[in-house]
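Thank you all for making time this morning; I would like to walk through one structure slowly, for anyone who has not looked at this model before. Please bring it up on your screens, and we will go through it region by region.

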Amino acid sequence: QAQSVGSRPPLPRFPASRRSTGCAAAPTPHGPCRWLLSAGRGRAMSIVIDEAEKIGQCLDSFSLPNTQLNEEEPWEIFCSADHKTAKPLRMVPLLPGIDALDLYQESECTDIWKDGHTYPCIVPWAVVGWEFYSLLWPKPNGTAPLKLSAHVELLVGRPPKGTIGPSLLFAFVPHHHRYPGDDSTHPPDEPHTAAEAEAADKEKKAAEAKRKQKQKPRTPLYMESECGNLDASGKTKFARLLVLIPCHVYKDAAELPMKHNWGLFIGPRSRSLVLLNRRCGRIDLHLATLLALDATFQLCEGLVATVARLFACFNTQDQVPALFGQHLDPLKIHSGFTNATVPDHVSITVDGREDYFTYFRVRLPVFFVSNASTNLCYLTPHEAQDQRAHDMDRVLRWTPPGMGPLPNWPRWSLHGHGEENHGLLDEYRKRVPPRSVVEEKKKASGRMWLSSFLPVCMQIAQAKKADGEGSPSAAASASPNAGAAGGGAREGQPPTLQNLATAAAVAAAAAARQIPPMGGAFGIRP
């Protein structure tokens with residue numbers, strides 16, 4: 001599952017469906033694709049490069065609509081009509097090789113549902129009330145939660161009762177966490193190669209240049225201190241949920257982090273999200289996401305069904321699910337099962353940046369394949385080969401089914417099976433509603449308050465009009481018959497302003513009794 005990198009850049013590893021089949025022309029399915037055409041004595045005769053590389057690889061052909069590409073202004077095709085409403089992209093370096101979205105001023109302290117329990121946490125406004133689950137990574141002795149560093153966890157989330165898990169990545173920083181700074185808890189790594197020594201020298205020079213300029217670095221430690229989330233010892237008071245943004249394409253091994261954490265990168269050819277470390281190797285995030293969602297909501301039924309299809313040639317596929325047992329523990333799924341299957345994307349053209357724009361109104365610069373729940377699936381090696389086998393026109397033979405809609409209740413979490421936590425999750429959904437629901441309740445309360453005063457306002461307007469008609473100037477200009485007949489108040493005439501004071505007070509009191517209390521809607525919840 002992980003390969004040793006060393007001083008050289010890691011070679012891209014793809015499933016069996018994405019490797020060469022030994023033919024003369026073996027296409028690679030992702031990114032700017034190249035076909036190597038061999039003939040004669042095996043010497044390469046020509047290289048065919050697609051249109052994306054002709055314009056300098058500044059665009060991904062998957063994210064472009066079916067229109068003719070303009071080489072002079074290629075970004076005009078990428079930018080949609082709603083690009084004007086996008087917010088500026090502000091990033092904070094969380095760890096070496098990992099950037100987070102700067103939402104420190106757009107967050108609130110509330111509860112968060114994580115792996116079957118609630119925790120007090122500072123959450124961005126857009127994901128208040130969501131449900132979050134840890135990513136899982138298979139190992140030879142079982143499955144374990146995936147962490148970016150020793151304490152920072154990697155999560156996926158979904159809206160309450162959502163049927164689709166969006167392609168968003170979150171980092172959970174626990175409370176009492178000390179961010180690395182001048183008094184970092186990790187000792188400095190000793191360089192093992194010349195490239196590491198050169199990278200360490202560059203980091204030291206950059207740090208010295210910042211000290212000379214006396215600029216305030218935009219680091220998590222500085223942002224937490226500005227938000228008042230640090231105690232006297234420099235540790236965080238509350239946990240914080242951060243939104244990770246993939247915007248770095250892997251190009252050179254010198255970009256990989258040397259410290260004790262993973263770096264988030266985009267594969268240069270597959271355009272899939274991966275975690276890389278110079279010493280630990282590589283982790284495919286679409287496998288970690290698929291394994292976590294399948295275990296949480298389907299109790300690994302997708303993986304078990306795919307393993308069963310491996311025995312279809314022996315006509316014993318119906319006997320395989322019984323071997324896993326009724327109460328399967330997903331933590332016992334080891335890397336042997338995931339190596340026998342091929343976790344893959346349903347479509348390599350689904351843009352993962354759309355979810356970031358939908359929920360946070362930011363436009364990421366680099367295309368990557370979406371890891372949404374509807375775009376992930378398990379395949380057998382034969383099915384994966386059929387999926388990626390296509391002609392030069394890149395027409396897929398068949399489209400594999402995705403995970404399908406997610407159920408209302410999770411079936412498993414790190415703290416046990418989901419049936420035991422249904423009551424806690426239902427109480428969390430009622431106590432921590434999404435911000436959009438709270439805003440809609442405020443608007444509805446305001447409309448009810450105005451509707452209760454509308455009849456009184458109409459009567460006041462009619463009374464003003466009646467008082468204006470009954471003034472001496474109006475009476476002098478009126479006809480004699482009208483003046484003689486208008487001495488007293490007639491039946492059906494609107495009341496005067498003096499008579500409406502009591503009616504307005506009664507209406508205000510009635511409206512106050514109908515309006516629910518609005519305090520604490522966006523404040524800090526206990």
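Before anything else, please keep in mind that this is a predicted model.

Let me begin with a small sheet. If you find strands β13, β14 and β15, you will see an open sheet of three strands in that order, with antiparallel pairing. The strands at the edges are β13, residues 263-266, and β15, residues 281-284, and each has a single partner strand, so one side of each is left without a neighbour in the sheet. From one strand to the next, the twist averages 35°. Looking at one of these pairings in detail, β14, which covers residues 273-277, pairs with β15 in the antiparallel sense over four bridges, and within that pairing L276 stands opposite R282 of β15.

In the loop between β13 and β14 you will come across R271, which has a positive phi of about 60° although it is not a glycine. As general background, most residues other than glycine have a negative phi. Is R271 buried or exposed? Its relative accessibility is 8%, and because buried means under 20%, R271 counts as buried.

Now please look at what lies across this sheet. Helix α5, residues 285-298, lies across β13, β14 and β15, and its direction makes an angle of about 45° with β15. The helix has 14 residues and reaches 19 Å from its first C-alpha to its last, which is close to the 20 Å expected at 1.5 Å a residue. How many of the residues of α5 are buried? The count is 14 of the 14, so the helix is largely enclosed by the rest of the structure. Just after α5 comes L299, whose phi is positive, near 55°.

That brings me to the nonpolar cores. The largest of them has 80 residues, and those with the most contacts inside it are L94, L169, F170, L244, Y356 and F360. Helix α5 supplies the largest share of this core, nine residues. Apart from it lies another core, of six residues, among them A253, F265, V274 and L276, so to speak a return to the residue L276 that we met opposite R282. In general terms, nonpolar side chains in soluble globular proteins tend to be buried together.

Moving a little further along the chain, helix α6 covers residues 301-309 and contains L303. At 2% relative accessibility, L303 counts as buried. Leaving out residues up to four places away in sequence, L303 touches D294, I333, F337, T341 and Y378. Of these contacts, F337 is worth a separate look: L303 and F337 are 34 residues apart in sequence, and their C-alpha atoms are 8.0 Å apart in space.

In the loop between α6 and α7, the latter being residues 320-324, sits N315, which also has a positive phi of about 60° although it is not a glycine. With a relative accessibility of 63%, N315 counts as exposed.

For the last part, please turn to helix α11, residues 422-431, whose buried residues are L425, Y428 and R429. Why do these residues lie on the same side of α11? They cover an arc of only 100° around the axis, and that puts them on the same side. The face turned away from this buried side carries the exposed residues G423 and K430. The buried residues of α11 pack against β5, β6, β7 and β10.

Of those strands, I would like to stay with β10, where six of the six residues are buried, so the strand is largely enclosed by the rest of the structure. Its side chains alternate: E153, L155 and G157 point one way, while L154, V156 and R158 point the other way, and all are buried. Four bridges join β7 to β10, and the two run antiparallel; in this pairing, V156 of β10 is the bridge partner of Y133. Three bridges join β10 to β11, residues 169-173, again in the antiparallel sense, and here E153 stands opposite F172.

That is where I will stop, and I am happy to take questions.

Note on methods:
Residues numbered from 1 in each chain as written. Predicted model: local features only at pLDDT ≥ 70, side-chain atom pairs only at ≥ 80, totals over all residues. Heavy atoms only, no water. Pairing = 2+ DSSP bridges. Axes fitted to C-alpha atoms, helices over the stretch in contact; angles between N-to-C directions. Contact = heavy atoms within 4.5 Å. Core = buried A, V, L, I, M, F, W, Y, C linked by side-chain atoms within 4.5 Å. Buried < 20%, exposed > 50% of the residue type's maximum accessible area, 1.4 Å probe, protein only. Arc of directions from axis to C-beta. Expected span 1.5 Å × (residues − 1).
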